[in-house]
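Morning, everyone. I have a few minutes and one structure to walk through. Please keep the picture in view while I talk.

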Amino acid sequence: MTRLTGRALRVTIFIGENDVWRHKPLYTEIVHRAHRAGLAGASVFRGIEGFGASSLIHTTRLLSLSEDLPVAVVVVDDEQRIRAFLPQLDELVTEGLVILDDCEVIRYVGRTEERAT
């Protein structure tokens, strides 16, 4: 299990819900690659409205024609491990936004076997 406390780096990838990598959702590929790379964690957050470099507004509003909602994939680990992961994002993210933030991990605890059942 990865241990993580103190200073860390957070990479956030803003993409579209309909973005794909080899016929599967791009956000799924990013999360699975982060897992294989042994990074501390990754989460996907679905937005309800937004726009990016294309200036097209994507929204969940009923009358909107957009179904390509914004998605943010957030990955946190120490700086060295995140920076080593960035070339994979260069390969995967052809449209979108990738940002890095310094952060501080206060608590990082996984489930124990007792708690998981």
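**A helix, two pockets and two residues**

Let's start with Leu86. Setting aside residues up to four places away in sequence, Leu86 touches Val11 and Leu100. Before I go on, one caution: this is a predicted model.

Look at Val11 again. Along the chain, Leu86 and Val11 are 75 residues apart. In space, their C-alpha atoms are separated by 8.8 Å.

Where does Leu86 sit? It is found in helix α2. That helix covers residues 79-92, so to speak 14 residues in a row. From its first C-alpha to its last, α2 reaches 20 Å. That is close to the 20 Å expected at 1.5 Å a residue.

Where does α2 bend? At Leu86, by about 30°. A proline, Pro87, follows within four residues.

Which residues of α2 are buried? They are Ile82, Phe85, Leu86, Leu89 and Leu92. So Leu86 turns up at the bend and also on the buried list. What do these buried residues pack against? The partners are β1, β2, α1, β7 and β8. On the sequence, β2 is 20-21, α1 is 26-36 and β8 is 97-105.

Now to strand β1. Thr12 is found there. Is Thr12 buried or exposed? Buried, because its relative accessibility is 7%, and the cut-off for buried is under 20%. Thr12 has a list of contacts, again leaving out residues up to four places away in sequence. It touches Ala72, Val73 and Val74. It also touches Leu97, Val98, Ile99 and Asp101.

Next, step off the strand. Asn18 lies in the loop between β1 and β2. Asn18 counts as partly exposed, because its relative accessibility is 47%; the partly exposed class lies between 20% and 50%. Which residues does Asn18 touch, not counting those up to four places away in sequence? Glu67 and Asp68. Pro70 is worth finding too. Asn18 and Pro70 are 52 residues apart in sequence. C-alpha to C-alpha, they are 8.9 Å apart in space.

On to the empty space. Rolling a probe the size of a water molecule over the atoms shows where such space is left.

The largest pocket holds about 430 Å³ of space. How many residues line it? There are 18. Ile15, Gly16, Gly52, Ala53 and Gly96 lie nearest its centre. Two elements give two or more residues to this lining: β1, residues 6-16, and β7, residues 70-77. β1 gives the most, with three residues. By class, the lining has nine nonpolar, six polar and three charged residues.

The second largest pocket holds about 170 Å³. Its lining includes Leu4, Phe45, Val105 and Tyr108. Ala40, Gly41, Ala42 and Ser43 line it as well. So do Val74, Val75 and Val76. Which elements each supply at least two residues here? β4, residues 41-46, and β7. The largest share, four residues, comes from β4. How does this lining split by class? Nine residues are nonpolar, two are polar and none is charged.

One thread to take away is β7. It gives residues to the lining of the largest pocket. It supplies residues to the second largest pocket too. And the buried residues of α2 pack against it.

That's my tour. Thank you.

Notes
Residues are numbered from 1 along each chain as its sequence is written. This is a predicted model: local features need pLDDT of at least 70, side-chain atom pairs count only at pLDDT 80 or more; totals for chains, interfaces and linings use all residues. Side-chain values use heavy atoms; hydrogens and water are left out. On a 1 Å grid over the protein atoms alone, a cavity is a set of points where a 1.4 Å probe fits but cannot get out, and a pocket is an open set with protein on both sides within 12 Å along at least five of seven lines; lining residues have an atom within 4 Å of a point. Grid points are joined across faces, edges and corners, and a volume is the space filled by probe spheres set on the points. Ala, Val, Leu, Ile, Met, Phe, Trp, Tyr, Cys and Pro count as nonpolar, Asp, Glu, Lys and Arg as charged, and the others, Gly among them, as polar. The expected span of a helix is 1.5 Å times one less than its number of residues. The bend at a residue is the angle between axes fitted to the seven residues ending there and the seven starting there. Buried means under 20% relative accessible area, exposed over 50%, partly exposed in between (1.4 Å probe, protein chains only). Contact means heavy atoms within 4.5 Å.
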